[in-house]
Amino acid sequence: MIPFWHSKHFLPYFAIVTLALLSTGFSVFVILSSTGSTAHAGVLDSVSEEVQKVFDQSSDAIVKVRTLGANTPRAGTGFFIDDQGTILTSYAVVKDADRAWVEFGEKKVMAEIKAQDLRTNLAMLKIDAGKTPYLKFGDSDKLRTASGLISVAYPFNLPLSPDFGLVNGFDVRYRNLFFPTTHIRASLPVSPGQIGGPVLNSKSEVVGVLVLSIEDGKACYAIPTNSVKKILNDFKEFGEARHGWAGVGVVEGYADDSGKKPVIISVLYEGTPAETSGLKQGDRLLKVGEREIQHPTDLMDVSFFSTIGEDMEVTVSRNGKTVTCQLSTTTRPDGSTTIRNRVVPPPSAIEDSPNLALPVSSEQPVTP
């Protein structure tokens, strides 16, 4: 007897078809009915129409950025963020450049480098070209895993091109590289020249900025616009990004009876707000403000969005009791420690012998 799924009667009713959008590396799996070819075309047409709509609505506000510094020319992508000629791009495009210009439409205009920040890989330029088209920011907090994304940028020396992909995750770490705040990992291909370009939602709103190509250009990281806004506010107010630093080092402890790994304060750096906050080495960190701390890297976002000089309420567990302290952030010093994850003894052992909480290898604790 021939199994039903091998028979000729099965195909008219259900056919599993893989639609591979090879130009983007994105695959869609759909189950088609007896009108399979119609559904096949419908899915492709729907994706194509969506990408085309966003591309048409955003193209006028996206520019090619060229710079020259130390005799090294660079090219990337940027986009207008207001109607006054303010452009956002990547620090990687600007770096040590002493000259910058942008190309859009038939125009080629010199640009002033207003501010740049290595930690977030962002830079702000300004041109004097009258009223400019611009892109609006969307709410990046609304993104979820599998949310659709569209990038529009200049690959190599080719014309402006769109790409479509999905949100794959939200990370603060990629291999041995740590970000100052959570980044969007997306299945958007990135070629040289596209860094600095916008990542858009279906409303043609910017929800991220391309800052890093990974997996040989098959995917990327984008900094979310809600983080970008913080840096832009710093650029406009201070002419530079001002990153907060509390001077608290934390590490991950052994799992407790519930299976959770506690976040333990291992270092309070001398001369920082942490030193006089009332926190102690060996405290188990529970909350900062209203945010529960479940992993050492959670503190990266807390520190990133903090306002320098303002107090934050920190809740810890100490010898079985809940203790609340006040902690503020100061300007992050140059060369402050990078973050790493380590395992340390459980809180009870730390309380009995505080020195066990200190780093015992070349790795450093998480230091927001």
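1. Confidence. This is a predicted model. Mean pLDDT for the chain is 83. Of its residues, 80% reach 70 or more. Residues 1–34 have pLDDT below 50. That stretch still has 45 contacts in the model beyond near neighbours in sequence. Residues 337–365 also fall below 50. Here the model has 67 contacts beyond near neighbours in sequence.

2. The barrel. Six strands form a closed barrel, in the order S3-S4-S5-S8-S7-S6. The pairing is antiparallel. On average, neighbouring strands of this sheet are turned by 40 degrees against each other, direction ignored.

3. The S3–S6 pair. Strand S3 covers residues 62–69, and strand S6 covers residues 99–104. The two run antiparallel and are joined by five bridges. One residue pair to look at is Thr67 with its bridge partner in S6, Ala100.

4. Helix on the sheet. H3 packs on the barrel sheet. The helix touches S5 (86–89), S7 (107–117) and S8. Its direction makes about 50 degrees with that of S8.

5. Main core. The largest nonpolar core has 29 residues. Phe79, Leu88 and Leu122 have the most contacts inside it. At least two core residues come from each of helix H1 (36–58), S8 (122–126), S9 (148–153), S13 (206–214) and H3 (225–238). Nonpolar side chains tend to be buried together in soluble globular proteins.

6. Leu122 in detail. Which residues does Leu122 touch, leaving out those up to four places away in sequence? The list includes Leu88, Thr89, Ser90 and Tyr91. Gln116 and Asp117 are also touched by Leu122. Val209, Val211, Ile223, Val228, Ile231 and Phe235 complete the set.

7. Another core. Apart from the largest core lies another, of 17 residues. Among them are Ala246, Val248, Val250 and Leu285.

8. S18 against S20. Strand S18 (residues 284–288) pairs with strand S20 (residues 311–318) in the antiparallel sense. Four bridges link them. Lys287 stands opposite Thr315 in S20.

9. The S20–S21 hairpin. S20 also pairs with strand S21 (residues 321–328), again antiparallel, over eight bridges. Arg318 has Lys321 of S21 as its bridge partner. How many residues lie between the strands of this hairpin? There are two. In the hairpin, Asn319 takes a positive phi near 55 degrees.

Terms used. Residues numbered from 1 in each chain as written. Heavy atoms only, no water. Pairing = 2+ DSSP bridges. pLDDT = per-residue confidence, 0-100. Contact = heavy atoms within 4.5 Å. Core = buried A, V, L, I, M, F, W, Y, C linked by side-chain atoms within 4.5 Å. Buried < 20%, exposed > 50% of the residue type's maximum accessible area, 1.4 Å probe, protein only. Axes fitted to C-alpha atoms, helices over the stretch in contact; angles between N-to-C directions.
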